[in-house]
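Subject: Structure for you to look at

Hello,

I am passing on the structure we talked about, and I would be glad if you could open it beside this message and follow along.

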Amino acid sequence: MEATGGRRLLIRQADRVVLLGRQRAQHRGVYYCRTGLYESPLPPIPVRHARRARETSDDDDAWAARWTHQFAAWLQARPEGPLHVGRWTLAWGMPRWAVPGHWRRVHVIDPDQGHITWFGYGDPDEDVRDVLPLRRLSPHTAARVKSYRRQHREGILPPALLWWVSGLNVLLVVDGHDRIAAALAEGGAPEVVVLAPTADPRWISAVQQPPLRAYEGRIVDLQSRPAGPLDGSRIAHLGNHLATELRGIARTEGPTRAWPVPGGYKAWDNLAAELAPAASLGSTGVGRARGERNGRG
């Protein structure tokens, strides 16, 4: 991730710029343009590997843990991935804030040049999204997608890998574009592993205190009453609910680190002119179509 003046940013993979973006004024959204140069940093997953992962897992939790561990190993071994020195979280499943119904937009509405709205304000509903692929998804009829569709029906389809980027306020697809297409073609929600910078541990601890105190208060209240036959199940339910809430807080995404764009905003403008000549990226055209005149876009 690189950034420079004028709310300009980009994603660079090795020596290739794979995505350009420009945030709107007042943090209302971001314009983006994919360059078509992205390549997954992870190795292909043979079907025999996928089948073995399922067959050697005792249950769904073990299967999820196996894939999460596998992605962690691959990311650490691949220099063209998003990892850098710092604290990271690699978690199974979509974040709590994600909207399941937004998945359909990944395949139905996925332009190479577009806009992601953060808070609405009259923007088109289709601009609200949780996930942005780094390349266009293959059609449902593509041979590779058909193969993955069979894996989905067998229950062995590997998850996709997503990466939280706070400057875009969206999850980018790092690996598994065709697996996502296959799951959507089969009418299901894709399984995912989410990579994100870890939030400040002090913030996590502070936010976890209210639910901990609420749990302790409920336990004290239960213990102050005459014992009942359902007390054990109620305490177990409260404990499970607390554990889920604490895990959700612990996996909250931290801010993405960005390096300066070499050459500053002029270099970014030159890259945009070369790699995305037809994209306004919020400076003209698209911004004015949304009422952002007088330099507010």
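Below is what was found, beginning with the whole chain and then turning to its interior.

Please keep in mind that this is a predicted model. The protein has nine helices and eleven strands, and its C-alpha atoms fill a box of roughly 70 × 50 × 35 Å along the principal axes. Of its 297 residues, 47% are buried, while the accessible surface comes to about 15,400 Å², with 52% of that belonging to carbon and sulfur atoms. If you take the contacts between residues at least 6 apart in sequence, 71% of them join residues at least 24 apart. As for charge, there are 40 positive and 30 negative charges, and the mean positions of the two groups are 4 Å apart.

Turning to the interior, in soluble globular proteins nonpolar side chains tend to be buried together. Here the largest nonpolar core has 29 residues, and those with the most contacts inside it are Leu19, Leu161, Leu168 and Leu172. Among the elements that give two or more residues to this core are strand E3 (16-23), strand E8 (160-165) and strand E9 (170-175), although helix H2 gives the most, with five residues. Apart from this core lies another, of 21 residues, which includes Trp103, Ala142, Tyr148 and Ala182.

A good place to begin looking is Leu161, which, leaving aside residues up to four places away in sequence, touches a set of residues including Leu42, Phe71, Leu75, Leu90, Leu172 and Leu195.

Best wishes

Technical notes
Residues are numbered from 1 along each chain as its sequence is written. This is a predicted model: local features need pLDDT of at least 70, side-chain atom pairs count only at pLDDT 80 or more; totals for chains, interfaces and linings use all residues. Side-chain values use heavy atoms; hydrogens and water are left out. Helices (H or I, at least four residues) and strands (E, at least two) are DSSP runs, numbered from the N terminus. Buried means under 20% relative accessible area, exposed over 50%, partly exposed in between (1.4 Å probe, protein chains only). Contact means heavy atoms within 4.5 Å. Accessible areas come from the Shrake-Rupley method with a 1.4 Å probe; for residues, only the protein chains shown count as cover. Lys and Arg count as positive and Asp and Glu as negative; His and the chain ends are not counted. The place of a charge is taken as NZ of Lys, CZ of Arg, CG of Asp or CD of Glu. A nonpolar core is a set of buried Ala, Val, Leu, Ile, Met, Phe, Trp, Tyr and Cys residues joined through side-chain atoms within 4.5 Å.
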